[in-house]
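Me: Could you take a close look at one part of this model for me, and then show how it sits in the rest of the chain? I would enjoy a connected walk-through.

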Amino acid sequence: MERNKNNILSNRKIQEAIFFLIISISLMIYSLKNHYSTLGLQWKISPYLFPLLIAIFIGLLSISLFIEGIRDNRSLDKGNECKCTNTKWKDVLFTILVSVSYYIAMGLIGFIASTLIFLVALFIYLGEKRIWLIALISIISTLSVYIIFGVLLHVMLP
């Protein structure tokens, strides 16, 4: 029994699930606390609705990750081989760096230009070689988001 308990807590997917569940609960508390502390604010215009929806989504994904970790443990207990993968920290750090740069660039050069640069940088890093495809997907994605949210839904973009 002790071996199984240690095996569950040492499973990377379960550790990640717990981490994301904590983030989800924290974001949910933040959203609900701030929404209800503002008098007369309706949910449909609340700036805390989107973080609440993201928190719910992260919570559901963490539950899914937890279930997958439990299944992996059961598979290991039956003698099957672990299909674990190592985290590629170089890729993670690059993505974080580019995302932070994107966030800063939005304030300096605007949404459209910074989103185009962000998408092009990620596609090139991921190994896409066809320049025409990178340009096409980046332009269509950026303009679609701008038209749908900025023009049709009147959501203020950064």
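**A close look at helix H6**

Reply: Happy to. Let us begin with a single residue: isoleucine 147 has a relative accessible area of 43%, so it counts as partly exposed. Please keep in mind that this is a predicted model. Isoleucine 147 belongs to helix H6, and that helix is the part I would like to explore with you.

Isoleucine 147 is one of the residues that build a nonpolar surface patch of about 980 Å². Its neighbours in the patch include Tyr146, Ile148 and Phe149, along with Val151, Leu152 and Leu153. Ile139, Leu143 and Val145 take part as well, as do Ile112 and Val155. Helix H6, which spans residues 131-152, supplies nine residues, the largest share of this patch. Isoleucine 147 can be part of the patch because its 43% relative accessible area is over the 30% that patch residues need.

Now to the partner of H6. Helix H5, residues 111-125, packs against H6 at an angle of about 145°, and the two axes lie 9 Å apart. The crossing of these two helices is right-handed. On the H5 side, the contact is made by Phe111, Ile112, Thr115, Leu116, Leu119, Val120, Phe123 and Ile124. On the H6 side, it is made by Ile134, Ile137, Ser138, Ile139, Ser141, Thr142, Val145 and Tyr146. Some names come up twice here: Ile112, Ile139, Val145 and Tyr146 take part in this contact and are also members of the nonpolar patch.

Following H5 a little further, we meet tyrosine 125, also found in this helix. Tyrosine 125 is partly exposed, because its relative accessible area is 27%. Leaving aside residues up to four places away in sequence, tyrosine 125 touches Lys90, Asp91 and Phe94. The C-alpha atoms of tyrosine 125 and phenylalanine 94 are separated by 8.8 Å, although the two residues are 31 apart along the chain.

Charged pairs come next. Side chains of opposite charge can pair when their charged atoms come close. The structure holds two salt bridges. In one of them, the side chains of arginine 130 and glutamate 128 meet at 2.8 Å, N to O. Arginine 130 has a relative accessibility of 43% and so counts as partly exposed; glutamate 128, at 24%, is partly exposed too.

The other salt bridge joins the side chains of glutamate 68 and lysine 13, at 2.6 Å, N to O. This pair links distant parts of the chain, with glutamate 68 in helix H3 (residues 49-77) and lysine 13 in helix H2 (residues 12-37), 55 residues apart. Glutamate 68 is partly exposed, with a relative accessibility of 36%, and lysine 13 is partly exposed at 23%.

Finally, let us step back to the whole chain. Its secondary structure comes to six helices and zero strands, which gives the pattern α-α-α-α-α-α along the sequence. Of its 158 residues, 21% count as buried. Among contacts with a separation of 6 or more, 54% are between residues 24 or more positions apart. The chain exposes about 12,000 Å², with carbon and sulfur atoms supplying 71% of that area. Within this helical chain, H6 both packs against H5 and gives the nonpolar patch its largest share of residues.

Terms used: Residues numbered from 1 in each chain as written. Predicted model: local features only at pLDDT ≥ 70, side-chain atom pairs only at ≥ 80, totals over all residues. Heavy atoms only, no water. Patch = residues over 30% accessible without salt bridge, like charges linked within 9 Å, V, L, I, M, F, W, Y side chains within 5 Å. Areas by Shrake-Rupley, 256 points an atom, 1.4 Å probe, with all protein chains shown as cover. Salt bridge = Lys/Arg side-chain N within 4 Å of Asp/Glu carboxyl O. Helix = DSSP H or I, 4+ residues; strand = E, 2+ residues; numbered from the N terminus. Buried < 20%, exposed > 50% of the residue type's maximum accessible area, 1.4 Å probe, protein only. Axes fitted to C-alpha atoms, helices over the stretch in contact; angles between N-to-C directions. Left-handed = near helix turned anticlockwise from the far one by under 90°. Contact = heavy atoms within 4.5 Å.
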